[in-house]
Amino acid sequence: NRFQPMGVEDLAACVARALGDQQHIGRIIELGGPQHLTYSQIVDEIAMAYGTLRFKVRIPVPLMRLIVALMELALPHPPVTTQQLKMLPIDNITDLDATSRAFGLAPRTLRGNIDFVKRISRRDAVKISLGLIPRHIRDH
C-alpha cells in the first residue's frame, strides 16, 4: 500500500486558497504530497529524522486484527482502529501533481520537513501509543 503524505502547512495553504476561489466551491479536490511512499518508507523517514535506525517487526494481519480489537476495548482513543486496519491495503494516493495543478502549490517532501518528531520523547510515544496525546504536542 502507498501513501502520499502532505505537510499540514501545505494543506492549510490549499484550504485557504480554496476558500478564496469560487471555482472550488462544491468540488472534490484530491490533494497529496510530492511522493508516493509505503508505510515502511514513512517509518524509515521518521527514523532518519531522529537520526537513528530501528529494526522493523512485521506483524501478520490476523494478529494485528486481534491486537487492534483489544486496543479498541481497552483504550479511550486507540492509535489504530479496526476501520483503519481495513483501509490499510488500499492505496491512499492521487496524481503526484494534483496539488500543484489545483492550487499552483508545490508541496514539500516528507524528508527534511518532519523535524517536529524530535520533540516527541519516548514517554510521549508511549502515551500516544495508548491513545493519549500529550498537551504540548496536541497544542502545537
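**Entry 1: threonine 81**

I began with threonine 81, which I located in the loop between helix H3 (61-74) and helix H4 (82-87). The model I am consulting is a predicted one.

Is threonine 81 buried or partly exposed? I found a relative accessibility of 23%, so threonine 81 counts as partly exposed; the buried class requires a value under 20%.

I then listed the contacts of threonine 81, leaving aside neighbours within four places in sequence, and obtained Val68 and Glu72. I also looked up the separation between threonine 81 and glycine 33: the two are 48 residues apart in sequence, and their C-alpha atoms are 24 Å apart in space.

**Entry 2: threonine 99**

I turned next to threonine 99, which I found in helix H5 (residues 98-103). Its relative accessibility is 1%, and threonine 99 therefore counts as buried.

Which residues does threonine 99 touch, if those up to four places away in sequence are not counted? I recorded Met6, Cys14, Leu31 and Gly32, together with Gly104, Leu105 and Pro107.

**Entry 3: leucine 37 and the nonpolar core**

I looked up the largest nonpolar core and noted seven residues in all. Its members are Phe3, Leu37, Ile42, Ala49, Leu110, Ile114 and Val117.

I followed leucine 37 further, again not counting residues up to four places away in sequence. Leucine 37 touches the core members Phe3, Ile42 and Leu110. I also noted Asn1, Arg2 and Pro5 among the residues that leucine 37 touches.

**Entry 4: the chain as a whole**

I counted seven helices and two strands in the protein chain. Reading along the sequence, I wrote the order down as β-α-β-α-α-α-α-α-α.

For overall dimensions, I noted that the C-alpha trace spans about 45 × 30 × 30 Å along its principal axes. I looked up the contacts between residues at least 6 apart in sequence and found that 74% of them join residues at least 24 apart.

**Entry 5: surface and charge**

What share of the 140 residues in the protein chain is buried? I recorded 21%, and threonine 99 belongs to the buried class.

For the surface, I noted that the protein chain exposes about 10,200 Å². Carbon and sulfur atoms supply 61% of that area.

I closed with the charged side chains, of which the protein chain has 18 positive and 13 negative. The centres of the two sets lie 8 Å apart.

Methods: Residues are numbered from 1 along each chain as its sequence is written. This is a predicted model: local features need pLDDT of at least 70, side-chain atom pairs count only at pLDDT 80 or more; totals for chains, interfaces and linings use all residues. Side-chain values use heavy atoms; hydrogens and water are left out. Helices (H or I, at least four residues) and strands (E, at least two) are DSSP runs, numbered from the N terminus. Buried means under 20% relative accessible area, exposed over 50%, partly exposed in between (1.4 Å probe, protein chains only). Contact means heavy atoms within 4.5 Å. Accessible areas come from the Shrake-Rupley method with a 1.4 Å probe; for residues, only the protein chains shown count as cover. Lys and Arg count as positive and Asp and Glu as negative; His and the chain ends are not counted. The place of a charge is taken as NZ of Lys, CZ of Arg, CG of Asp or CD of Glu. A nonpolar core is a set of buried Ala, Val, Leu, Ile, Met, Phe, Trp, Tyr and Cys residues joined through side-chain atoms within 4.5 Å.
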